[in-house]
Amino acid sequence: MRTLVEVIRGRGMTDPRLLAAFAATPRDRFVPPRSAVRAQFDEPIPIGHGQPTSQPSLIAQMIDVLRLSGTETVLEIGTGYGYQTALLARLARRVYSLERHADLAEHARANLAGFGVTNVEVLVGDGTAGLPAHAPYDAVIVSAAAPSVPAPLASQLAEGGRLVMPIASEIADIVTLYTKRQDQLTRLRSLTPAQFVPLVGEHSKMHD
Ligand code: SAH
């Protein structure tokens, strides 16, 4: 059976830092214990509240386009159990992660601390409002879908920064990459269709 790193490399991702981050981050520590054996497969896994932890190859695609070099401050919306958070923590300087479900945030904190990750702050709250206290962010990654990028996230992105998010349409969610130029959020390209849970919050027009 292929390892997750082999699967991700097979999808055309070659950045050695990205591949090393996946190799160094055991996914089974970031899923509910009863699902630990499934963690080796490239598939989503339920984590409670009807939420999944995303498919690793999809996480890899989204992180890859952020082009993190290790100096960045990153804002993540939708912490879940903290797997993607752990990967981001390895690839950037500092990560702020917002999760709307307090118990999921608690699991993520425990999982990250248990794995020795220290450059992450997990906060409970509505990620559609972003986190103005630590803005601007060099990179923003959103793990739930809405019809458009919530305005606070666009305004908290640094000039030249990168934002990746699934944009909900009737047929599928289209993972889309943006940057900020002359203070305007600018769409760079679509990455892939996918299925995400809704981004539920004040600035997203989405509901449970
Ligand atoms: N990055 C996680 C994804 C978990 S699923 C992973 O791959 O493991 C998406 C998460 O987004 C869920 O935990 C859900 O509770 C959270 N979420 C949805 N809307 C949110 C919002 N407005 N603010 C913060 N978190 C939100």
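## Basis of the description

Helices (DSSP runs of H or I with at least four residues) and strands (DSSP runs of E with at least two) are numbered from the N terminus. By that naming, Pro136 is found in the loop between β5 (120-124) and β6 (137-142).

The structure is a predicted model, in which local features need pLDDT of at least 70 and side-chain atom pairs count only at pLDDT 80 or more, while totals for chains, interfaces and linings use all residues. Residues are numbered from 1 along each chain as its sequence is written, and side-chain values use heavy atoms, with hydrogens and water left out.

## The ligand and its shell

The ligand is surrounded by 24 residues, of which Thr53, Gly78, Glu99, Gly127 and Val200 come nearest; a residue is counted as near if one of its heavy atoms lies within 4 Å of the molecule. By type, the shell divides into 9 nonpolar, 12 polar and 3 charged residues, where Ala, Val, Leu, Ile, Met, Phe, Trp, Tyr, Cys and Pro count as nonpolar, Asp, Glu, Lys and Arg as charged, and the others, Gly among them, as polar.

Three side chains place polar atoms by the ligand, each pair falling under the limit of 3.5 Å between N or O atoms that defines a polar contact. The side chain of Glu99 has a polar atom 2.6 Å from a ligand oxygen, the side chain of Thr53 has an N or O atom 2.7 Å from an oxygen atom of the ligand, and a polar side-chain atom of Asp126 is 3.1 Å from a ligand nitrogen. Taken alone the ligand exposes 580 Å², and the protein buries 99% of that area, as computed by the Shrake-Rupley method with a 1.4 Å probe.

The elements that give two or more residues to this shell are β2 (51-53) and β4 (94-99), and β2 supplies the largest share, 3 residues.

## Two covered helices

Helix α4 (residues 83-91) is mostly covered, with 8 of its 9 residues buried, buried meaning under 20% relative accessible area, exposed over 50%, and partly exposed in between (1.4 Å probe, protein chains only). The buried residues of α4 are Tyr83, Gln84, Thr85, Ala86, Leu87, Leu88, Ala89 and Leu91. Among them, Thr85 has a relative accessible area of 0%, and its C-alpha lies 9.7 Å from that of Leu75, a residue 10 positions apart from Thr85 in sequence.

Helix α3 (residues 56-64) has 7 of its 9 residues buried, so it is largely enclosed by the rest of the structure. Its buried residues are Pro56, Ser57, Leu58, Ile59, Ala60, Met62 and Ile63.

## Loops and backbone geometry

Gly50 lies in the loop between β1 (45-48) and β2 and is exposed, with a relative accessible area of 71%. Although Gly50 and Val197 are 147 residues apart in sequence, their C-alpha atoms are 8.6 Å apart in space.

Which residues are joined by a cis peptide bond? The bond links Ala135 and Pro136, with omega about 5°.

Positive phi values in residues other than glycine occur at Arg67, where phi is near 50°, and at Gln182, where phi is near 45°. Arg67 lies in the loop between α3 and β3 (73-77) and is exposed at a relative accessible area of 60%. Gln182 lies in the loop between β8 (173-181) and β9 (184-194) and counts as exposed at 72% relative accessibility.

Terms used: A polar contact is a pair of N or O atoms within 3.5 Å; within protein, one must be able to donate a hydrogen and the other to accept it, and residues adjacent in sequence count only if both atoms are side-chain atoms.
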